[in-house]
Amino acid sequence: MSRWCVLLAVALLALSGIAGCGDDDDVVARPAPVEPTRDASGHYCGMILLDHKGPKAQVHLPGEAEPVWFSSVRDAIAFTMLPEEPRNHTAIYVNDMGKAQWDAPEPGTWIDADGAHYVIGSARMGGMGVPEAVPFAARDAAERFVAAHGGRIVALTDVPESYIFAYGDEEEATMPAHGEHQ
């Protein structure tokens with residue numbers, strides 16, 4: 001066998017090792033939700049998470065032992081939309097307000113944010129005193145909430161940026177989108 005054939009064989013073996021390498025390493029295990037303690041503080045407000053009413057959120061990032069905590073679900077959604085924030089989260093959990101108490105969501109009420117039904121534009125204010133994106137695991141629970149407090153139900157991907165970033169215009173944040181009914 002010529003020297004070139006040996007080099008080519010070695011190169012092909014090396015490339016096949018590289019191609020196979022990292023396939024399993026790139027998969028990051030989805031962490032379970034974590035229960036907040038008195039040490040958990042909101043990412044943007046810096047306040048103690050447990051001192052705020054309404055639904056909370058936690059965003060897990062690869063390589064981080066603790067999640068990034070949010071005193072409101074609206075803030076967590078903003079985190080996922082802002083270009084300066086990390087996009088490589090491994091999980092996002094929110095409180096299921098069909099099971100949790102508004103004043104203090106109980107342990108064990110965390111659900112995957114992607115599959116939740118969100119009520120936006122309701123009369124209920126979130127933990128930071130602004131309109132909230134209220135998450136529910138079951139659509140019928142979200143419908144009951146809308147009947148009691150107004151608003152409309154949307155998927156996470158359909159929460160408008162204008163709703164999330166309307167802190168200065170609360171009237172806009174509570175109004176239904178053009179052509180939609182409360």
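Modeller: Helices and strands here are DSSP runs, at least four residues for a helix and at least two for a strand, numbered from the N terminus. The model is predicted.

Biologist: Start with Ser72. Between which two elements is the place of Ser72?
Modeller: The place of Ser72 is in a loop, outside both flanking elements. That loop is between E2 and H2.

Biologist: Is Ser72 buried or exposed?
Modeller: Buried means under 20% relative accessible area. Ser72 has 1% relative accessibility, so Ser72 counts as buried. Beyond its neighbours within four places in sequence, Ser72 is in contact with Pro55, Ala57, Gly127 and Glu132. The verdict on Ser72 is buried.

Biologist: Now the whole chain. What pattern does the protein follow along the sequence?
Modeller: The protein has five helices and seven strands. Of its 182 residues, 40% are buried. Read along the sequence, the pattern is α-β-β-α-β-β-β-β-α-β-α-α.

Biologist: What share of contacts between residues at least 6 apart in sequence join residues at least 24 apart?
Modeller: Contact means heavy atoms within 4.5 Å. Among the contacts between residues at least 6 apart, the share that joins residues at least 24 apart is 63%.

Biologist: Which strands stand at the edges of the four-stranded sheet?
Modeller: The sheet is open, with antiparallel pairing and the order E2-E1-E3-E4. An edge strand here has a single partner, so one of its sides is left without a neighbour in the sheet. That describes strand E2 (68-70) and strand E4 (110-112).

Biologist: By what angle are neighbouring strands of this sheet turned against each other on average?
Modeller: The four strands of this open sheet pair in the antiparallel sense. With direction ignored, the average turn between neighbouring strands is 25°.

Biologist: Which residue is the bridge partner of Tyr93 in E4?
Modeller: E3 and E4 pair in the antiparallel sense over three bridges. In E4, the partner of Tyr93 is Asp112.

Biologist: And which residue of E3 is the bridge partner of Ala57?
Modeller: E1 and E3 are also an antiparallel pair, over four bridges. The E3 partner of Ala57 is Val94.

Biologist: How many of the five residues of E3 are buried?
Modeller: Take the two faces of E3 in turn. Ala91, Tyr93 and Asn95 are buried on one side. Ile92 and Val94 are buried on the other. The number of buried residues in E3 is five.

Biologist: Why is H2 largely enclosed by the rest of the structure?
Modeller: H2 packs on the sheet, touching strand E1 (57-60), E2 and E3. Its buried residues are Val73, Arg74, Asp75, Ala76, Ile77, Ala78 and Phe79. H2 is largely enclosed because, of its nine residues, the number buried is seven.

Biologist: Which element gives the most to the largest nonpolar core?
Modeller: That core has 23 residues, and Val94, Tyr118 and Val159 have the most contacts inside it. E1, E2, H2, E3, strand E5 (117-120) and helix H4 (161-164) each supply at least two residues. With five residues, the element that gives the most is H2.

Biologist: How many residues are in the other core?
Modeller: This core lies apart from the largest one. Trp102, Val134, Phe136 and Phe145 are among its members. Its residue count is 10.

Biologist: How far apart in space are Met97 and Phe136, C-alpha to C-alpha?
Modeller: Met97 has its place in the loop between E3 and E4. At 9% relative accessibility, Met97 counts as buried. Its contacts beyond four places in sequence include Trp102, Val134 and Phe136. Met97 and Phe136 are 39 residues apart in sequence, and their C-alpha distance is 5.4 Å.

Biologist: Last, Glu85. How far away is the nearest side chain of opposite charge?
Modeller: Glu85 lies in the loop between helix H2 (73-81) and strand E3 (91-95). Leaving aside neighbours within four places in sequence, Glu85 is in contact with His43, Tyr44 and Phe79. A salt bridge needs a side-chain nitrogen of Lys or Arg within 4 Å of a carboxyl oxygen of Asp or Glu. Glu85 is buried and has no salt bridge, and the distance to Arg87, the nearest side chain of opposite charge, is 9.3 Å.

Terms used
Residues are numbered from 1 along each chain as its sequence is written. This is a predicted model: local features need pLDDT of at least 70, side-chain atom pairs count only at pLDDT 80 or more; totals for chains, interfaces and linings use all residues. Side-chain values use heavy atoms; hydrogens and water are left out. Buried means under 20% relative accessible area, exposed over 50%, partly exposed in between (1.4 Å probe, protein chains only). Lys and Arg count as positive and Asp and Glu as negative; His and the chain ends are not counted. Two strands pair if DSSP finds at least two bridges between them. Axes are lines fitted to C-alpha atoms, for helices over the stretch in contact, and angles run from 0 to 180 degrees between N-to-C directions. A nonpolar core is a set of buried Ala, Val, Leu, Ile, Met, Phe, Trp, Tyr and Cys residues joined through side-chain atoms within 4.5 Å.
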